[in-house]
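Biologist: Shall we go through this one together, starting with how far to trust it?

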Amino acid sequence: MKRKSGLVVAGLVAAFPAAAQGAVSAEYKWLTFLVFGVIIALTMFVTYLAARRVKSTAQFYAAGRSVTGIQNGWAIAGDYLSAASFLGIAGLISLYGYDGFMYSVGWLVAYITVLLVIAEPCRNIGKYTLGDILAFRNDPKTAKTLAAVSTITVSIFYLTAQMVGGGVLVKTLIGIDYEVSVVAVGVLMLAYVVFGGMVATTWVQIIKAVLLVSASLLLVFFTWMPYGFSLPGFLQAAVDNPGIQAQVAKLLGDPATAMSAQELGQRFLEPGLYLKNPIDQISLGLALVFGTAGMPHILMRFFTVPTAKDARTSVLWAMGIIGGFYVLTLFLGLGAAMNVGSATISGIDAGGNMAAPLLAQYIGGGADSILGNLFLAFVAAVAFATIVAVVAGLVLASASAMSHDLWVGVIKGAKATQAQEVRAARISSVIVGVIAIVIGILAKGQNVAHLVALAFAVAASSNLPAVLLTLYWKRCNTRGIALGMIVGAASAIGLVLVSPNMTYPNAVRTTNEPIVAARTTSIDAANAEMLADPARRAEIEARVVKLTAERAAAQAKIDAVAGQTRSLVGLEAPLIGLKNPGILSIPLGFLCVIFGSLLMREKRSEDMWEELYVRQNTGLHAEAASAH
Amino acid sequence: MSNTDWAHIHAHPKFKELHRRKSRFLWTLMAISVAYYFLLPVGAGYFPELFKQKLWGPMNFGLVFAFSEFLVAWGIAAIYARHANRNFDALAAELQKQFEGSTP
């Protein structure tokens, strides 16, 4: 198997003359479409069954509260494991080793907060939305307006990242035009949400999670098998791998020259190749650990189960699936680095997103084999299903905020019939879906990866302080949550706007101009070499093609900021060094809720305290499962 | 909306017991889990030599510690769910039985 890998890598490079063709070669595209077709047909059938059931608001928003704990656990995993987790983390591990694995831990620990302080109370006192929880003790119209604005803001950030990432991904995998794939994701997702509401969304998420876990198990089985399923054996193979050693040498630069091959390989299993700033890491960790519990599309999943015990069971299952999946990701990432090679992976996509799909193709037998292409097609289809399922959850959460909180709660003063509200929810879904498609197309080519982290930071700084203190602190009131939510969200967004995440034209030039100059020198040298030694023409030409592509990429970055000197908010350089705002904005959000609440006493919020606290702990008078 | 006497239940000894036992248990677990999680980025960032220490072939302390994060997270979740299913649910059910009658 080892000896074959060199050949396969050469084959892969030959198969991708330009990434524009897509990873799946033209003769095997029918396979991808076949797998896509089967998955779409299955989810559409489920939607058809669901659509006949969805008549009431409880069905549309909460699947009639009749989802079991285990089903909800799978659905939470399906809602949460985005393409960024599936492809992104495997990619990070394949390029940077240990740091990629460390990055995945926070996404799991986040569910402890969800389990301990959010899941059961939300199930016991909640109805359909974040707004319902905040409106329990606080002024309903203010609370619902704030919750709706916050839900839509957080969801749009997350949606944009998903739509843009999804469009790029489908293009890289199968070569379909970016715009076409954005529209396809949008239309498919709308079909699930509009016709099948939460019932269909839940099943689409379950199907996607099962597919994702099976695909990963299959890949890990074949990746790990040659090492007799021994962990030290597998890790030792990674340390001994020349490709991994070369990748570490490239990342470390000069200090690498003093290191032996074994030391370089071992370095891949040690921290510090990707994550350089510990404070930024802690800040991101805070946003994940407190933000997940404030994510409207995650909160919403707890309204779908019949009892608090089922809410607990669903988090346990979700944690088992999500954590198990991240452990598998370590094998996927290292396996891809060993078998496909870090250089090949980053050559096709700088972020490493193609690591898992390329590993699938390798395991099946490579780019020329039918099995290899079937595996690749399967992974590509799973990635597509992943994007659609996550986007459906987000659109449903925003549409519910729009129809249930804003339209019924604020505009209609809670007076609307079930039929009217379900209709409003469907119209809202279409509005949000169209917004998502339009933003997805407008944001083409933008770097939106940091929007995921921003969505979590806003949820952690705005939603979580408001929900947590409403649930657990008697003095919390409308003024407090208003101040906290506004300041928390504004500070998280504001800090990112002045952070190094934004594009600073001067910095882009200082980084890329030397690259252009260096590549030009190398190209000239290579051309001279070619004249001197015509026998090596083919080899040198290949090098020139690569160098020219690198020069063009750097030049494109310079051209994109031509004539500009300032960032979006008019800065020449970032004001802060921090990329993740959580460490500042989360405490600020909490402090503002506390400060605002202490400013003045509010009778209703204190009068309602005993009812809220008893209900959230006992489940007395909780919304029951609807009969059907 | 309902004529349940919430203040009465809130002051009831059984509810007070539920509240006391639940909050102590819950916030202790929460504190342990958050503290244990942040040992990972802090350790990797400020004690890299410790994380590089080889323990078992190529397995170093950092990898073992990262794996332990999964086990601790799953462990805490399992302990909480077991405890809640056994003790808190029973207390909540007693309260429900006692006061459900007061529904309008």
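Modeller: Sure: pLDDT is the predictor's confidence in each residue, from 0 to 100, and contact means heavy atoms within 4.5 Å. This is a predicted model, where local features need pLDDT of at least 70 and side-chain atom pairs count only at pLDDT 80 or more, while totals for chains, interfaces and linings use all residues. Residues are numbered from 1 along each chain as written, chains are lettered from A and ligands numbered from 1 in written order, and side-chain values use heavy atoms, without hydrogens and water.

Biologist: Over which residues of chain A does pLDDT stay under 50?

Modeller: Chain A averages 88, with 96% of its residues scoring at least 70. Confidence there is lowest in helix α1 (residues 2–15) of chain A, at a mean of 38; helices are DSSP runs of H or I with at least four residues, strands E runs with at least two, numbered from the N terminus. Where pLDDT is low, predicted coordinates should not be read in detail. The model has 25 contacts beyond four places in sequence for the stretch under 50, which is residues 1–20.

Biologist: And chain B: which element has the highest confidence?

Modeller: Chain B has a mean pLDDT of 87, and 93% of its residues reach 70 or more. Its lowest element is α1(B), at a mean of 87, while the highest, at 92, is β2(B).

Biologist: How much area do chain B and chain A bury between them?

Modeller: The contact takes 55 residues from chain B and 55 residues from chain A. In chain B, B:W6, B:P58 and B:F70 lose the most area to chain A, together 15% of what that side buries. Buried area is the accessible area (1.4 Å probe) that two parts lose on being put together, summed over both. Of the total, 76% is on carbon and sulfur atoms, and the total itself is about 5000 Å².

Biologist: Which residue of chain A forms a salt bridge with B:D89?

Modeller: The rule (a side-chain nitrogen of Lys or Arg within 4 Å of a carboxyl oxygen of Asp or Glu) finds two salt bridges across the interface of chain B and chain A. In the one with B:D89, the closest N and O atoms are 2.9 Å apart, and the partner is A:R312.

Biologist: Which element gives the largest share of the side of chain B that touches chain A?

Modeller: Elements giving two or more residues to that side include α2 (13–46) and α4 (61–99) of chain B. The largest share, 20 residues, comes from α4(B).
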